[in-house]
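Okay, thanks for squeezing me in. Let's pull the model up on the screen and walk through it together.

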Amino acid sequence: MVHELVENGFAARDVPEFGLPETDYGKALDHLVQANVDVIVHTAEQNVLLGYRQELPLRGMLWAFGGRMKLGESVTDAAGRALARELGFKNADPARFALDNIYNVIWGSRSIPPEERGFQTLLILMRYECTEPEIPNLNAADETHEWVRWYTPAQIRELHVTGSWLIHPFLPVVLKNAGLL
C-alpha cells in the first residue's frame, strides 16, 4: 500500500509530458533523485509482458512499463498513465494496481546528455494482473518500446541463465521479488 499525503493548499496543475529543455533536465539528473513508477503487467499464470526498450538506460533490453511521476500525480495515476502511453491500454482498473517494491536504482547511463553520467531513481514498482479480455489490447503504442511480448517464467529464466543480452541484471531480481520468477 502507498499512503498518499497531500497538504491542504497544494494547487494541482497541468504538467507537460516533458517540461524541461534537455540541457536543464540533464542538470536536474545530475543533482536530484527522480521518482519513477514502473508496472509489471502479468497474467494469473505468471506470464509477464515485457517491452524491448529503445532508450537508455535499458536500450536493447527487456523491461516493464513506466516512467517519471508528474507533479501532483498519485502512484496509481502514474501507473495508469504509463500503461496508456506505452501500451495504448487506457482502461486499466486502478483498484487492480498492487504495490510490489520500492527500489533505489542507480543507473550507469541515461538518454539525456551526457549519457555516461547515469542517474538515480526511486523506483516504485507496481504489478497489474491482466484478465483474458485485456490481453489482446496490449501493444507497443509509443517510441519507448520497439515491440512487446509475453514471456513465461521458464523463458525468462532460460534467457537469464544463458546470459542473453536481452536481460538486464535487475530484471530477474524485480521479477523474483514480485513472485513472478
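So, this is a predicted model, and I want to start with a charged residue that's hidden away. Glu 86 is buried, with a relative accessible area of just 1%. You'll find Glu 86 in helix 2, which covers residues 75-87. What does Glu 86 touch, leaving out residues up to four places away in sequence? There's Ala 64, Phe 65 and Gly 66, and then Asn 139, Ala 140, Ala 141, Asp 142, Thr 144 and His 145. Glu 86 also has a charged partner: its side chain meets that of Arg 85 in a salt bridge, 2.8 Å from N to O. As a reminder, side chains of opposite charge can pair when their charged atoms come close. Arg 85 itself is partly exposed, at 26% relative accessible area. If you want a sense of scale, the C-alpha atoms of Glu 86 and Glu 45 are separated by 23 Å, with their positions 41 residues apart along the chain.

Staying with charges for a bit. How many salt bridges does a search of the whole structure find? Seven. One that I like is Asp 30 with Arg 110, at 2.9 Å, N to O. That pair links distant parts of the chain, since Asp 30 is in helix 1 and Arg 110 is in the loop between strand 5 and strand 6, 80 residues apart. Is each partner buried or exposed? Arg 110 counts as buried because its relative accessibility is 1%, under the 20% cut-off. Asp 30, at 33%, counts as partly exposed. There's a third member here too: Asp 30, Arg 110 and Arg 117 are linked in a network of salt bridges.

Then there's Arg 127 with Asp 100, whose side chains meet in a salt bridge at 2.8 Å, N to O. Arg 127 is in strand 6 and Asp 100 is in strand 5, so this pair ties together parts that are 27 residues apart in sequence. Asp 100 is buried, with 14% relative accessible area, while Arg 127 counts as partly exposed at 22%.

Keep your eye on Arg 127, as it takes us into the strands. Ala 98 stands opposite Arg 127 in strand 6, and Arg 127 is also the bridge partner of Ile 40. As for the pairings themselves, strand 5 and strand 6 run antiparallel and are joined by 10 bridges. Strand 1 and strand 6, on the other hand, pair in the parallel sense over nine bridges.

Ile 40 leads us on to the core. In soluble globular proteins, nonpolar side chains tend to be buried together. Here, the largest nonpolar core has 27 residues, and the ones that touch the most other members are Ile 40, Val 48, Leu 50, Leu 62, Trp 63 and Leu 171. Several elements give two or more residues to this core, among them helix 1, strand 2, strand 3 and helix 4. Take Leu 62 as an example. Beyond its sequence neighbours, Leu 62 touches Leu 50, Gly 51 and Tyr 52, plus Trp 147, Tyr 151, Leu 159, Leu 166, Ile 167 and Leu 171. And there's a second, separate core of 18 residues, which includes Leu 49, Val 75, Ile 124 and Tyr 128.

Okay, out to the surface. Val 6, Phe 10 and Leu 71 make a nonpolar surface patch of about 300 Å². Val 6 sits in the segment before helix 1, and it counts as exposed at 64% relative accessibility. Leu 32 is another exposed nonpolar residue, at 55%, and it's in the loop between helix 1 and strand 1.

Last bit: some backbone details for anyone who likes to check geometry. Which peptide bonds are cis? One is from Leu 56 to Pro 57, with omega near 10°, and Pro 57 lies in the loop between strand 2 and strand 3. Another is from Pro 113 to Pro 114, with omega near -10°, and Pro 114 is in the loop between strand 5 and strand 6. And then Gln 46 has a positive phi of about 70°, although it's not a glycine. Gln 46 lies in the loop between strand 1 and strand 2, and it counts as partly exposed, at 33% relative accessibility.

That's my tour, so over to you.

Terms used: Residues numbered from 1 in each chain as written. Heavy atoms only, no water. Core = buried A, V, L, I, M, F, W, Y, C linked by side-chain atoms within 4.5 Å. Buried < 20%, exposed > 50% of the residue type's maximum accessible area, 1.4 Å probe, protein only. Helix = DSSP H or I, 4+ residues; strand = E, 2+ residues; numbered from the N terminus. Contact = heavy atoms within 4.5 Å. Patch = residues over 30% accessible without salt bridge, like charges linked within 9 Å, V, L, I, M, F, W, Y side chains within 5 Å. Areas by Shrake-Rupley, 256 points an atom, 1.4 Å probe, with all protein chains shown as cover. Salt bridge = Lys/Arg side-chain N within 4 Å of Asp/Glu carboxyl O. Pairing = 2+ DSSP bridges.
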